[in-house]
Structures are given as structure tokens and as C-alpha cells.
Amino acid sequence: MRRWLAALMLLGGAALAQDDAARVQLEQRIKLNARLLSDSPTAQRIATSGNVQAQAHMEEGRVHQALAEDLLAKGDLAGARRAVDEALKHVSMARRMAPDQQGRQAAARQRYEQKQAELDRLMDAWQRHAGRTEATDGDLFAATGLIVTARQFAQESRFDDAGHTLAAAEGHVLVGMNRLLRAKTLDYTVRPGTPAEEFQLELQRHRGLADLVPLALAELKPKADAVALIERYGKTSQALRQEANARFAAGDVPQALADLRNAILYLQRALSAAGVSAPDATGSPP
């Protein structure tokens, strides 16, 4: 009998603990929604947005919020949970109808800057390796013009327009770089003056090759086993490049160059696995 009583007490204690945990979670949801509905930046933005529908959803959210608080006080956890879920749904709908323009602008600017940096590296690689055909390359000419236009849009804080324009430029870059890939040979010869300069040039070469790997995957479409090999080579190259940067920062330039050349070698192997041949560098030995 005592064993049964002890077991029942344990079960009862576990059930009470679960109820307490559920109540704490529910209280947290209700408090969170109360903040969203009161003086949060979200509430202020919606209140001044002029969007009647968004403001109506916020009012509906307040009605359900008040109901949730009342039901919680009465111990009706299930009813309170349903009410606060309904309140949160209306708050979410209000937020979608009155979006955070400042936040969207910041996100659009970040996307533009990231894409601009990517295209700058690709354009540099393309221009360095297009050779004598550069002046007559229509895709290169179009991409250059679109990038200039995108920069003008960015200067006017029209980052969405700038991003769309860069996307169009990227299309021309992909077509032009594809021609380089189809040519099967990329020349990355460097002619540095000092070991430190050589490291920086080799680092640029690494970046250029790294940017070409996803293009090779997309355009040449290697088989699954080759893709796995390419990914493994890419991870090894990234680790070696990080080690090279650390050694260079510590002043060990010769070893940094050795690590960086090994990193480049793994990228060349990755490109080779994709079907692209990249010749060895002609810089001074480490």
C-alpha cells in the first residue's frame, strides 16, 4: 500500500510540475505579446503608418490579449492559450501590412553591398583573363554598364533598384565567365615585387579561383562524386587560407605563402574535378 501511495505521489508531483511549466510558458507568451501591443517599436510603427487595416488588427489583438490575461487569472490555461495565439496572429498580420521600411532598407543595402563585392571580384578576374577579346565582349560591356547604374542607384539610396540591376549584371557575368570555363584554361600568372606583395597577389588569386568554383559547378554540372570531391577540396583550401592569413599577420611571410599556395592548389584541384584546368603560378618559390 505504501508503495502505491508513493507512486501516486510521484505521478501527482510530475503532473503538477508539467502544469507549472506549461503555465510559465503561457505567461511568457502573454507578456511578450503585451509588449508588442503596448510601446514596442512595432506598435509605434503601426500606429503612425496610416494603414487602417493594420491598426484594426492591432486593436483586435488587444481584445484577444485582454481575454487571454483574464482567462489566465481564472486558471483556464487552455482558453488563455487559444486567446493569446489569436492575439499573436493579429499582431503578425498587422506587422505584415505595415512593414519596417527602415529595416527593409538596411537589409536591401546589405544585400546590395554583398552582391557588389562578389561581382567586383568576378569582374576583376574576367577583365584580367579576357585578354584581347575584352574590348569586343558584349557581355562584359553590358555588365560594366549595369554595375555603374547600380552604384548610381545606391548613391540615391535606391538599394532595391540597385540590387535588381546587379542581378541583371550577374547574368551577363555568368555568361561571360562561362566562356572562360568552356575554354578549359585560366591563366593566373602573378609578377610580385616583394614577398608581402606576392602574398597579397596570391590571396587575390585564391579569391578569384574560389569565386569560379560555384560557377563551374553551375555551368559544367559535374557528377555527384566529383561534386563531393570539389566540396572536400574547397573546405581544405579554406582552412589553409585561414592558416596562411594567421601566419602572415604573425610576420611569418614565407610559411604564409607556402600555406596559401597549398590552398590555391586545392582550389585548382577542385576546378580540375569540375572540368576546368588552371595553370600553376609563376611566382617565386616559398
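# Briefing: an all-helix chain, with two helix pairs and four residues

Ser 157 is partly exposed, its relative accessible area being 40% (buried means under 20%, exposed over 50% and partly exposed in between, with a 1.4 Å probe and protein chains only). The model is predicted, so local features need pLDDT of at least 70 and side-chain atom pairs pLDDT 80 or more, while totals for chains, interfaces and linings use all residues. Residues are numbered from 1 along each chain as its sequence is written, and side-chain values use heavy atoms, without hydrogens and water.

**Overall make-up**

- The protein chain has 10 helices and 0 strands (DSSP runs numbered from the N terminus: H or I of at least four residues for helices, E of at least two for strands).
- Read from the N terminus, the order of elements is α-α-α-α-α-α-α-α-α-α.
- Of the 286 residues in the protein chain, 34% are buried.
- Among contacts (heavy atoms within 4.5 Å) with a separation of 6 or more, 72% join residues that are 24 or more positions apart.

**Helices H3 and H4**

- Helix H3 covers residues 52–73 and helix H4 covers residues 77–97; their axes come within 8 Å and cross at roughly 165° (axes are lines fitted to C-alpha atoms, for helices over the stretch in contact, with angles from 0 to 180 degrees between N-to-C directions).
- H3 is therefore roughly antiparallel to H4 (an angle over 145 degrees).
- On the H3 side, the residues that meet H4 include Gln 53, Ala 54, His 57, Met 58, Leu 67, Ala 68, Leu 71 and Leu 72.
- On the H4 side, the residues that meet H3 include Leu 77, Ala 80, Ala 83, Val 84, Val 91, Met 93, Ala 94 and Met 97.
- By class, this contact of H3 with H4 has 15 nonpolar, 7 polar and 2 charged residues (nonpolar: Ala, Val, Leu, Ile, Met, Phe, Trp, Tyr, Cys and Pro; charged: Asp, Glu, Lys and Arg; polar: the others, Gly among them).
- Gln 53, which lies in helix H3, is exposed at 53% relative accessibility.
- The C-alpha atom of Gln 53 is 7.5 Å from that of Met 97, and the two residues are 44 residues apart along the chain.

**Helices H9 and H10**

- Helix H9 (residues 224–249) packs with helix H10 (residues 253–274) at an angle of about 165°, and their axes are 8 Å apart.
- H9 and H10 therefore run roughly antiparallel to each other.
- The contact of H9 with H10 divides into 16 nonpolar, 4 polar and 5 charged residues.
- Leu 271 sits in helix H10 and is buried, with 0% relative accessibility.
- Between the C-alpha atoms of Leu 271 and Leu 209 the separation is 8.1 Å, although these residues are 62 residues apart along the chain.

**Leu 119 in helix H5**

- Leu 119 belongs to helix H5, residues 101–130, and is buried at a relative accessible area of 0%.
- Setting aside neighbours within four places in sequence, Leu 119 is in contact with Ile 147, Leu 166, Ala 169, Glu 170 and Val 173.
- The C-alpha atoms of Leu 119 and Val 173 are separated by 8.0 Å, with their positions 54 residues apart along the chain as the separation.

**Ser 157 in a loop**

- Ser 157 is located in the loop between helix H6 (138–155) and helix H7 (159–182).
- Ser 157 has a positive phi of about 65° and is not a glycine.
- Most residues other than glycine have a negative phi.

Methods. Parallel < 35°, antiparallel > 145°, perpendicular 65-115°, else oblique.
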